[in-house]
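This report goes through one protein chain, from its overall make-up to its sheet, its core and its cysteines. Please keep the sequence and the structure at hand while reading.

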Amino acid sequence: MSEKAKFFSRSLFFLITISIFLLILSSFSLVQFPSTHFIPRSVFKLILVNSTSFFLKPNAQTELVKFPFFSSTDTNLSMRCGSLSCPNTNVGASRCYRNKTCGRNQAFRKLKVFVYDLPPEFHFGLLGWKGNTNQTWPNVDSHSRIPPYPGGLNLQHSVEYWLTLDLLASNTPQVGTAVRVQNSSQADIVFVPFFSSLSYNRHSKLHGKEKVSVNKMLQTKLVQFLTARDEWKRFGGNDHLIVAHHPNSMLHARKKLGSAMFVLADFGRYPVEIANLGKDIIAPYKHVVRTIPSGESAQFDRRPILMHFQGAIYRKDGGAIRQELYYLLKDEKDVHFTFGTYRGNGIKKAAQGMASSKFCLNIAGDTPSSNRLFDAIASHCVPVIISDDIELPFEDVLDYSEFCLFVRASDAVKKGYLLDLLRGIEKDQWTKLWERLKEIAPHFEYSYPSQPGDAVDMVWKAVLRKTSSVQFKRHRKNRYARPEAFLKRI
């Protein structure tokens with residue numbers, strides 16, 4: 001190599017070394033002296049925006065501190081990921097929603113919701129509530145004044161009730177994701193307060209001389225009301241939210257209102273053009289067994305039952321697998337697989353059985369999902385999901401493989417497969433699933449007033465994550481709206 005080439009090579013190496021040194025020096029300068037550094041702050045943010053860690057110390061100007069690879073036992077980390085609270089203060093900040101929502105814009109803003117003032121016959125009137133003349137809503141300031149929701153199996157589909165209560169109270173000081181607005185033009189979403197599951201459970205049958213059930217009549221009136229509203233016409237209902245959690249609710253109206261966003265239990269009885277993951281929300285059932293406090297949850301050696309299932313065994317469609325599994329497992333000494341209902345003392349027996357079992361089977365029935373999964377979570381019994389077509393709540397922010405086991409239906413019915421699998425899981429492996437199960441359990445608790453990270457809050461956050469696609473559709477529709485408006489003035 002010539003002397004000239006060597007000189008050029010050395011000069012280039014020296015220049016690169018100096019540049020790297022200045023960049024590192026500027027980085028530390030940004031941390032220690034935010035107002036004075038070599039590289040403009042805006043440029044430095046661009047460099048870090050896709051980085052795996054933020055080396056910014058918390059101060060008055062900076063709230064977000066993200067260390068994705070810290071362990072969950074680091075007690076020095078804040079219990080908040082930005083302004084997003086972890087639902088359980090025993091969970092390390094690095095596991096807050098598994099770091100998947102921390103740092104996103106939607107975690108830092110409220111979901112603005114406009115609520116239609118539908119007559120009480122669509123909501124609390126179905127609970128027997130009667131307000132004063134021209135009174136649409138009950139007073140939610142006092143628990144004693146709030147109409148209770150029916151118990152038993154009615155309760156499992158009560159999502160509509162909890163979301164509506166949360167919106168009615170959203171103007172009072174509280175920590176929550178959704179806030180009610182009075183002007184629909186300011187809203188991210190338009191909420192339709194129809195207790196459709198309750199309407200189906202209580203009023204889908206004909207009574208007396210009725211020719212049309214109350215449930216069908218209310219759906220017909222709802223379609224007429226919505227399709228006549230300017231809010232619906234504006235975007236064809238894309239920004240409307242309808243809760244239809246019971247698989248048979250909204251049966252008569254779902255096709256006409258299919259452009260709206262639905263809150264559902266699963267997609268088992270919906271055609272894909274009406275309901276799909278692209279636009280709709282899967283919400284958890286309201287569990288009916290008692291929630292086991294974390295400190296009272298039985299450990300591995302105190303759960304003598306290997307696997308537990310109690311429920312209807314003879315089902316149609318995809319639920320036929322229950323019958324096959326029953327005949328495979330019914331005689332095993334450490335397996336509880338029996339027919340059972342929630343009537344009478346059924347709920348108490350199911351709760352006791354789940355709390356004494358290591359694994360709880362969640363098998364497809366008439367639909368892919370059932371409340372049994374959420375009863376298992378409340379009991380800290382590791383769920384074994386045998387339902388190939390199931391969709392799960394909040395799966396974009398929760399990794400269910402960390403606290404559930406998934407078994408394909410074709411494998412589950414092989415003789416000995418399920419027993420060998422579960423008996424082969426060691427104590428430390430089960431305990432890891434159980435510990436994570438206790439951490440995420442608060443995400444599936446419906447409560448009023450709602451709490452950060454509970455089921456109500458998680459549903460609203462799921463809706464908030466969907467609003468970007470709603471806004472995308474809005475903006476596309478507005479492409480030619482302005483030029484057309486100008487032409488009308490000419």
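The sections below describe a predicted model.

## Overall make-up

The chain has 490 residues, and 48% of them are buried. Its secondary structure consists of 14 helices and 13 strands.

The accessible surface comes to about 25,500 Å², with carbon and sulfur atoms accounting for 55% of that area. Counting contacts between residues at least 6 apart in sequence, 64% join residues that are at least 24 apart.

## The six-stranded sheet

Six strands form an open sheet with parallel pairing, in the order β4-β3-β5-β6-β7-β8. The edges are β4 (178-181) and β8 (281-282); each has a single partner strand, so one side of each lacks a neighbour in the sheet.

Strand β6 (residues 240-243) is flanked by β5 and β7 in this order. With β5 (residues 189-192), β6 pairs in the parallel sense over three bridges, and here Phe-191 has Leu-241 as its bridge partner. With β7 (residues 261-264), β6 again runs parallel and is joined by three bridges; Ile-242 is partnered with Phe-262. Going on towards the edge, β7 and β8 run parallel and are joined by two bridges, and Val-263 stands opposite Ile-281 of β8.

## Cover on the sheet

Which residues of β6 lie on each side of the strand, and are they buried or exposed? His-240 and Ile-242 are on one side, Leu-241 and Val-243 on the other, and all of them are buried, so both faces of β6 are covered. The two bridge partners named above for β6, Leu-241 and Ile-242, therefore belong to opposite sides of the strand.

Helix α3 (residues 159-168) lies across β3 (111-115), β4, β5, β6 and β7. The helix runs at about 65° to β4.

## The largest nonpolar core

In soluble globular proteins, nonpolar side chains tend to be buried together. The largest nonpolar core in this model has 112 residues. Those with the most contacts inside this core are Met-307, Phe-359, Leu-361, Ile-386, Leu-418 and Trp-460. Among the helices and strands, α13 (residues 455-477) gives the most to the core, with eight residues.

Leu-361 shows what such a position looks like. Leaving aside residues up to four places away in sequence, Leu-361 touches Met-307, His-308, Phe-309, Leu-329, Phe-337, Arg-372, Val-384, Ile-386 and Leu-418. Met-307, Ile-386 and Leu-418, which are in this list, also belong to the residues with the most contacts inside the core.

## Cysteines and the disulfide

The structure holds one disulfide. It joins Cys-360 to Cys-381, with an S to S distance of 2.2 Å. The torsion about the S-S bond is about 110°, so this disulfide is right-handed. Cys-360 lies in strand β11 (residues 357-363), while Cys-381 is in the loop between α9 (372-378) and β12 (382-386), so the pair ties together parts 21 residues apart in sequence.

Are these cysteines buried or exposed? Cys-360 is buried, with a relative accessible area of 1%, and Cys-381 is buried too, at 0%. Another cysteine, Cys-404, has a relative accessible area of 2% and is likewise buried.

Terms used: Residues numbered from 1 in each chain as written. Predicted model: local features only at pLDDT ≥ 70, side-chain atom pairs only at ≥ 80, totals over all residues. Heavy atoms only, no water. Disulfide = S-S within 2.5 Å. Helix = DSSP H or I, 4+ residues; strand = E, 2+ residues; numbered from the N terminus. Buried < 20%, exposed > 50% of the residue type's maximum accessible area, 1.4 Å probe, protein only. Pairing = 2+ DSSP bridges. Contact = heavy atoms within 4.5 Å. Axes fitted to C-alpha atoms, helices over the stretch in contact; angles between N-to-C directions. Areas by Shrake-Rupley, 256 points an atom, 1.4 Å probe, with all protein chains shown as cover. Core = buried A, V, L, I, M, F, W, Y, C linked by side-chain atoms within 4.5 Å.
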